[in-house]
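These are my notebook entries on a predicted model. I looked up strand pairing, helix packing and burial, in that order.

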Amino acid sequence: MPQPTIESILHEERLFHPVAEFSQQAQIKSLEQYQQLYNKAKADPQAFWAELADTELHWFQKWDTVLDWQPPFAKWFVNGTINISYNCLDRHLTTWRRNKAALIWEGEPGDSRTLTYAQLHREVCQFANGLKQLGVEKGDRVGIYMPMIPEAAIAMLACARIGAVHSVVFGGFSAEALRDRLVDVQAKLVVTADGGWRKDAIVPLKEQVDKALANNSAPNVEKVLVVRRTEQPIDMERDRDHWWHDLQAGVSADCPAEPMDSEDMLFVLYTSGSTGKPKGVVHTTGGYNLYTHITTKWIFDLQDTDVYWCTADVGWITGHSYIVYGPLSNGATSVMYEGAPRASNPGCFWDVIEKYGVNIFYTAPTAIRAFIKMGEHLPNARNLDSLRLLGTVGEPINPEAWMWYHRIIGKERCPIVDTWWQTETGGIMITPLPGAVPTKPGSATLPFPGILADIVDLEGNSVPANEGGYLAVRHPWPGMMRTVYGDRDRFRRTYWEHIPPKDGQYLYFAGDGARQDEDGYFWVMGRVDDVINVAGHRLGTMEIESALVSHPSVAEAAVVGKPDDLKGEDIVAFVTLENNINASDELKNELKKHVVQEIGAIARPGEIKFADALPKTRSGKIMRRLLRSLAAGEEISGDTSTLEDRSVLEKLREG
Ligand code: WT7
């Protein structure tokens, strides 16, 4: 891992207190109340989580041990049995929530659908029986490659109901990326749709699945279940492919939720790391259910009449935790939107808020920056009075974007929760509780109760206030990932050994640089490893480099991030070509296309630079720090004495 110099450039003075009307009705009403919870949890984390698990969730059978911690492997609520689909559905059916809207869905072409808890329960039970009919059993893995339609959530909940492990693959990933994930997770069945709508066009999902499975390249996949959405013609392979509506016609709606061991695997979600192929992040049942439940309740301050909207895609962890499981476990009304701001309707997000009277709105800084660019006349032309709370996630939010969100969308009335977390953490870790914690634009503020976050040096020592260091967590928490699918060693190496354990004390290493200010507020600066954050999506430089090198014209490639106004970071690829190949603009375009083919459109390099050679150390390591400076158009500073061939640098600078 490179040892970066972490410097903090932000010095934000503004402080925004929650308005009294908000705090009075909030779940957590004051800074004192937050501090009490925090201190209580810190003094006895196990008692804190056990009490919440007891009061907030339904268990078929209570646990006998709260936490079994054999670092770095944690087990929460040992021997407890629980089902997250039961907690998200069944337990609401005996209350007034039975006929409350669980999901409000809006399709991009303007079609819409509302499912009450009773209706959603019925659909999930049927889908679960459909999966069983196709041979899916407890413990089997199911791939989900879907557009943002209710069936995506239904499929997830149906898997959880029968104890199958879902692995959702973002619909924007290519057939190749899909195949890699399906093979790694050994999926037995894939749930997909004919297509989905995105930016006025159809994403041909089933066609991608066909490509991913062609030539028996994912032999583990026996069945494909297809939901009809866009209705364009697709190929259906006999015996392998089944239409959901055909199956549904004969399937019973009676499907009791399977009591699962608290530590049974709930899902695997792939995320990029600094080295090698994407990691299958494993989350289990009981701890994840509790953590997403309580973070949703306190951070989004859920009230029973709220309409809550998180704009993420279910293909990412944000969609898992804060569209599906967290909100539904709380009996909330969760909005699901298929579309994205697009030429034909750049104001579509504000339309959705007005149409459904959205009260809580959770989106990403990259989206906010895009809204700023599109102009405030769009939100100003809609009635956004229903909004009472705003949130952001995915990357650090620049204070100007925060202020715009606060003024133009929140009308200086809505608190903003800037939530720091990761696929690995399962749920939000550092965030204001909106009725309690005063906010500073650009800071995720304070840890959630029970989260012992710290800024440390590479020896694991806490660093003084306002000094940069590595963001780490000192105690396990229920929502934490349990392992990397099929690779316990990689789990240990990646998250627990960068900072060597001392006296049996293990620290979770998040991979982010950050500082804490004099008030204890956290300021996250970004990744310290070779991970690029493009529009809130995490991409490993290695993955993109491998994709480039798999092209016959490419000899070597090095990929770095470059600051970008809209996307946060953009991808710049330095490429050396095979001997007989000539550099050209056509080749640049071809290489960009090739990366899209291999990974997906989110990984398309913004810029490709051809070079004769790449700057390397004498031991052959590419000096990315230099490439990052070059890509950003900065002067090369710092030590270059380890560079093997200094002329390489001169040439790159000239080129
Ligand atoms: C990385 C995790 C968790 C859902 C979205 C991304 C960055 C995330 C913030 C924030 C500063 C943030 C970090 C983190 N990040 N939220 N509020 N402030 N940085 O999940 O793909 O697992 O990426 O996103 O760098 O490590 P992910």
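**Entry 1: a hairpin.** I began with E28 and E29, which form a hairpin with 3 residues between them. I then checked the pairing: strand E28 covers residues 554-564, strand E29 covers residues 568-577, and the two are antiparallel over 10 bridges. For one specific pair, I looked up glycine 561 and found isoleucine 571 as its bridge partner in E29.

**Entry 2: an open sheet.** I next traced a sheet of 4 strands, which is open, antiparallel in its pairing and ordered E21-E22-E24-E25. Its edges are strand E21 (453-456) and strand E25 (522-527), each of which pairs on one side only. I noted an average twist of 45° from one strand to the next. Within this sheet I examined strand E24 (residues 508-516), which is joined to E25 by 5 bridges in an antiparallel arrangement. Alanine 514 has valine 524 of E25 as its bridge partner.

**Entry 3: tryptophan 420.** Where does tryptophan 420 lie? I located tryptophan 420 in the loop between strand E20 (416-418) and E21. Is tryptophan 420 buried or exposed? I counted 27 other C-beta atoms within 10 Å, so tryptophan 420 is buried. Leaving aside residues up to four places away in sequence, tryptophan 420 touches Met429, Ile430, Thr431, Ala444, Phe522 and Val524. I recorded one further distance: valine 393 is 27 residues from tryptophan 420 in sequence, with 6.4 Å between their C-alpha atoms.

**Entry 4: two helix crossings at H10.** I turned to helix H10 (residues 286-299) and helix H11 (residues 317-329), whose axes come within 8 Å and cross at roughly 85°. H10 and H11 are therefore roughly perpendicular to each other. On the H10 side, the contact involves Asn289, Thr292, His293, Thr295 and Thr296; on the H11 side, Ser321, Tyr322, Tyr325, Gly326, Pro327 and Ser329. I sorted the residues of this contact by class and obtained 3 nonpolar, 8 polar and no charged.

I then looked up helix H3 (residues 45-56), which packs with H10 at an angle of about 85°, the axes being 10 Å apart. That makes H3 roughly perpendicular to H10. Trp49, Leu52, Ala53 and Glu56 of H3 meet Leu290, His293 and Ile294 of H10. By class, I recorded 5 nonpolar, 1 polar and 1 charged residues for the contact of H3 with H10.

**Entry 5: the largest nonpolar core.** Which members of the largest nonpolar core touch the most others? Among its 197 residues, I found these to be Val142, Ala155, Met156, Ala158, Ile544 and Ala573. Helix H6 (residues 150-162) supplies the largest share of this core, with 10 residues. I followed methionine 156 further and listed its contacts beyond four places in sequence as Ile144, His166, Val168 and Val324.

**Entry 6: helix H17.** Finally I inspected helix H17 (residues 541-549), in which the buried residues are Thr541, Glu543, Ile544, Glu545, Ala547 and Leu548. What covers the buried residues of H17? I found that the cover includes strand E26 (531-534), strand E27 (537-540), E28, E29 and helix H18 (585-598). This entry returns to the first, as E28 and E29 are the strands of the hairpin noted there.

Definitions and conventions: Residues are numbered from 1 along each chain as its sequence is written. This is a predicted model: local features need pLDDT of at least 70, side-chain atom pairs count only at pLDDT 80 or more; totals for chains, interfaces and linings use all residues. Two strands pair if DSSP finds at least two bridges between them. Axes are lines fitted to C-alpha atoms, for helices over the stretch in contact, and angles run from 0 to 180 degrees between N-to-C directions. Angles under 35 degrees count as roughly parallel, over 145 as roughly antiparallel, 65 to 115 as roughly perpendicular and the rest as oblique. Two residues are in contact if their C-beta atoms, placed from the backbone, lie within 7 Å. Ala, Val, Leu, Ile, Met, Phe, Trp, Tyr, Cys and Pro count as nonpolar, Asp, Glu, Lys and Arg as charged, and the others, Gly among them, as polar. A nonpolar core is a set of buried Ala, Val, Leu, Ile, Met, Phe, Trp, Tyr and Cys residues joined through C-beta atoms within 7 Å. A residue is buried if 20 or more other C-beta atoms lie within 10 Å of its own, exposed if 12 or fewer, and partly exposed in between; C-beta atoms are placed from the backbone.
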